[in-house]
Amino acid sequence: MSFAVAIDGPAASGKGTISRAVADRFDLAHLDTGLLYRAVGARMLLGIEPVEAAETLTAGMLEDGDLRTPEVAQAASKVAAIPEVRAALVDFQRSFARRVGGAVLDGRDIGTVICPEAEVKLFVTASAEVRAKRRFAELTAKGLELTPGQVLADIRERDARDAGRADAPMVAAADAVLIDTSDLSIEEAVEAACRVVAARITG
Ligand code: CDP
């Protein structure tokens, strides 16, 4: 039997951490769909045409080099606005969502486009300042040199592009449960998400 949990939200809102924890807790498979767009963005930075990069993407490329850099994030957001790029990635995401045993997918359009029939939909947000602070800590811990201001500007630019694009814009599904993690610890955010999933399972 399949059971899909769709988790969407803006950059660095905590959806990745929440998705991994929900998948762990309920023994579901997890797909970080942002990684698909990051891999396509990284290939574009290497000179490959984005639509071709999306159409020839393989699983191994998701583990190629560091995809979690600000440069790759910006490239990801640019290729993600190209309808043919999105179209090339739809089938893989849809079959993952319906896999036997259940799945958690996180991204921007999971509850609206990839899996509108998902059993659980969450939209995870936080203020841009809180999100920039968290992302700044992550990136500096990896040894990247940047300023908090750069990280905030990067997040704002990406959010605007992701929410403003014509194809599959980032928006909460009408039936998504909103979780604002601005004033929540990681543990509290994870518990809030798990409560929603548990309630749906027990009916
Ligand atoms: O980790 P973070 O929230 O910063 O970004 P991500 O989830 O890795 O996504 C990187 C970029 O991919 C986003 O800024 C979006 O432009 C794009 N994306 C998308 O368009 N649709 C998805 N389902 C997931 C990501």
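Tutor: A residue counts as near a molecule if one of its heavy atoms lies within 4 Å of that molecule. The model discussed here is predicted. By that cut-off, 18 residues surround the ligand, and Lys15, Arg38, Arg135, Arg158 and Asp162 come nearest.

Student: What makes the pair formed by the side chain of Asp162 and an oxygen atom of the ligand a polar contact?

Tutor: An N or O atom in the side chain of Asp162 is 2.6 Å from an oxygen atom of the ligand. The limit for such a pair is 3.5 Å, so the pair qualifies. The side chain of Asp109 likewise places an N or O atom 2.9 Å from a nitrogen atom of the ligand. From the backbone, an N or O atom of Ala12 lies 3.2 Å from an oxygen atom of the ligand. The protein as a whole covers 97% of the 530 Å² of accessible area that the ligand has on its own.

Student: Which elements give two or more residues to the shell around the ligand?

Tutor: These are α2 (34–45), α4 (70–79) and α8 (148–164). Helix α2 gives the most, with three residues. The space taken by the ligand is the largest pocket.

Student: How is the shell around the ligand divided by class?

Tutor: Nine of its residues are charged, five are nonpolar and four are polar.

Student: Why is Ser77 called buried?

Tutor: Its relative accessibility is 4%, and buried means under 20%, so Ser77 meets the criterion. Ser77 belongs to helix α4.

Student: What joins the side chains of Ser77 and Asp162?

Tutor: A polar contact of 3.2 Å joins them. The value is within the 3.5 Å limit, and therefore the term applies. The C-alpha atom of Ser77 is also 7.7 Å from that of Gly41, although 36 residues separate the two along the chain.

Student: How do you know that Ala12 is buried?

Tutor: The relative accessible area of Ala12 is 9%, which is under 20%, so Ala12 is classed as buried. Ala12 lies in the loop between β1 (4–8) and α1 (15–26).

Student: What is noted about the phi of Ala12, a residue other than glycine?

Tutor: Phi of Ala12 is near 60°, a positive value. Most residues other than glycine have a negative phi. Asp27, which is not a glycine either, has a positive phi of about 55°.

Student: Is Asp27 buried or exposed?

Tutor: Asp27 is exposed: its relative accessible area is 67%, and the term requires a value over 50%. Asp27 is found in the loop between α1 and β2 (29–32).

Student: What makes Val90 count as buried at 15% relative accessibility?

Tutor: The threshold is under 20%, and 15% satisfies it, so Val90 is placed in the buried class. Val90 lies in helix α5, which spans residues 83–97.

Student: How far apart are the C-alpha atoms of Val90 and Ile114?

Tutor: A distance of 6.7 Å separates the C-alpha atoms of Val90 and Ile114, while along the chain the two are 24 residues apart.

Notes. Residues are numbered from 1 along each chain as its sequence is written. This is a predicted model: local features need pLDDT of at least 70, side-chain atom pairs count only at pLDDT 80 or more; totals for chains, interfaces and linings use all residues. Side-chain values use heavy atoms; hydrogens and water are left out. A polar contact is a pair of N or O atoms within 3.5 Å; within protein, one must be able to donate a hydrogen and the other to accept it, and residues adjacent in sequence count only if both atoms are side-chain atoms. Accessible areas come from the Shrake-Rupley method with a 1.4 Å probe; for residues, only the protein chains shown count as cover. On a 1 Å grid over the protein atoms alone, a cavity is a set of points where a 1.4 Å probe fits but cannot get out, and a pocket is an open set with protein on both sides within 12 Å along at least five of seven lines; lining residues have an atom within 4 Å of a point. A molecule sits in a cavity or pocket if more than half of its atoms lie within 2 Å of its grid points. Helices (H or I, at least four residues) and strands (E, at least two) are DSSP runs, numbered from the N terminus. Ala, Val, Leu, Ile, Met, Phe, Trp, Tyr, Cys and Pro count as nonpolar, Asp, Glu, Lys and Arg as charged, and the others, Gly among them, as polar. Buried means under 20% relative accessible area, exposed over 50%, partly exposed in between (1.4 Å probe, protein chains only).
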